[in-house]
Amino acid sequence: MSWLRRRLTGAPEGFAGRLAENESVAASCTSGGEPVVATSLGLWLPGEERLGWHLVSKATWDGAALTVIAAVESGAAGAAVLLTDQPPRRYPLEQPGKLPEAVQRRVTQSIVDRHRHELAGGGAWFVRRRVPGQDGTILQVRADVGADPAAVARLAEKVAARLS
């Protein structure tokens, strides 16, 4: 039965994740023998749940490894979502094929626009993004280390109110 599921969804051999009903595979390869899968809804990394494209802060390909910086939602300021970046994770890819290009394309397509605001002690990126599987966009705010969190939240709330 697993062969039929792989054939119908395009999921690679050894992939243990459960794709959503409307989720399709764009590209896949392996890292350390474990599947790395780019889908319409996000990036499945070895031993992890799917990371939605809107939570990929940065992904770089150096010709041998994919380095991913994931963000986690750390709070809200009005309708804005405050994000905190996690440490970079590096995945050496065996026979990467189209995976690096698929990741770059999906991350880029999730971004509608972005602006940088400078504040005392640091700045913040304000990014409007599409969330896979949802209509519309969300405003995400990622502050620099050292930026005043209260000042970032106040500004984020004002910006979100202007956008709505």
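This note comments on helix H3, His54 and Arg129 in a predicted model.

1. Length of helix H3. Helix H3 comprises 15 residues, from 149 to 163. At 1.5 Å a residue, H3 should span 21 Å, and because its end C-alpha atoms are 21 Å apart, the expected and computed values agree.

2. Buried side of H3. Which residues of H3 are buried? They are Ala151, Val152, Leu155, Ala156, Val159 and Ala160. These residues cover an arc of only 160° around the axis, which means that they lie on the same side of H3. A general rule helps in reading such a pattern: an α-helix has 3.6 residues a turn, so residues three or four places apart point the same way.

3. Exposed side of H3. On the other side of the helix, Lys158 and Ala161 are exposed.

4. Cover over the buried residues. What covers the buried residues of H3? The cover includes strand S6 (65-77), strand S7 (80-85) and strand S9 (111-119). It also includes strand S10 (122-130) and strand S11 (137-143).

5. Start of H3. At this end of the helix, Asp148 places a side-chain oxygen within 3.2 Å of the backbone nitrogen of Ala150.

6. Position of His54. His54 lies in the loop that links strand S4 (50-52) to strand S5 (56-61). Is this residue buried or exposed? His54 counts as buried because its relative accessibility is 13%, and the cut-off for that class is under 20%. His54 and Val159 are 105 residues apart along the chain, and their C-alpha atoms are separated by 19 Å.

7. Contacts of His54. Leaving aside residues up to four places away in sequence, His54 touches Arg129, Arg130, Val131 and Pro132, as well as Ile138 and Gln140.

8. Polar contacts of Arg129. Arg129, one of the residues touched by His54, belongs to strand S10. Its side chain reaches the backbone oxygen of His54 at 3.0 Å. The side chain of Arg129 also makes a polar contact of 2.9 Å with the side chain of Ser110.

9. Charge of Arg129. Although Arg129 is buried, it has no salt bridge. Asp85 offers the nearest side chain of opposite charge, at 7.8 Å, whereas a salt bridge requires a separation within 4 Å.

Notes:
Residues are numbered from 1 along each chain as its sequence is written. This is a predicted model: local features need pLDDT of at least 70, side-chain atom pairs count only at pLDDT 80 or more; totals for chains, interfaces and linings use all residues. Side-chain values use heavy atoms; hydrogens and water are left out. Helices (H or I, at least four residues) and strands (E, at least two) are DSSP runs, numbered from the N terminus. The expected span of a helix is 1.5 Å times one less than its number of residues. Buried means under 20% relative accessible area, exposed over 50%, partly exposed in between (1.4 Å probe, protein chains only). The arc is that of the directions from the helix axis to the C-beta atoms. Contact means heavy atoms within 4.5 Å. A polar contact is a pair of N or O atoms within 3.5 Å; within protein, one must be able to donate a hydrogen and the other to accept it, and residues adjacent in sequence count only if both atoms are side-chain atoms. Lys and Arg count as positive and Asp and Glu as negative; His and the chain ends are not counted.
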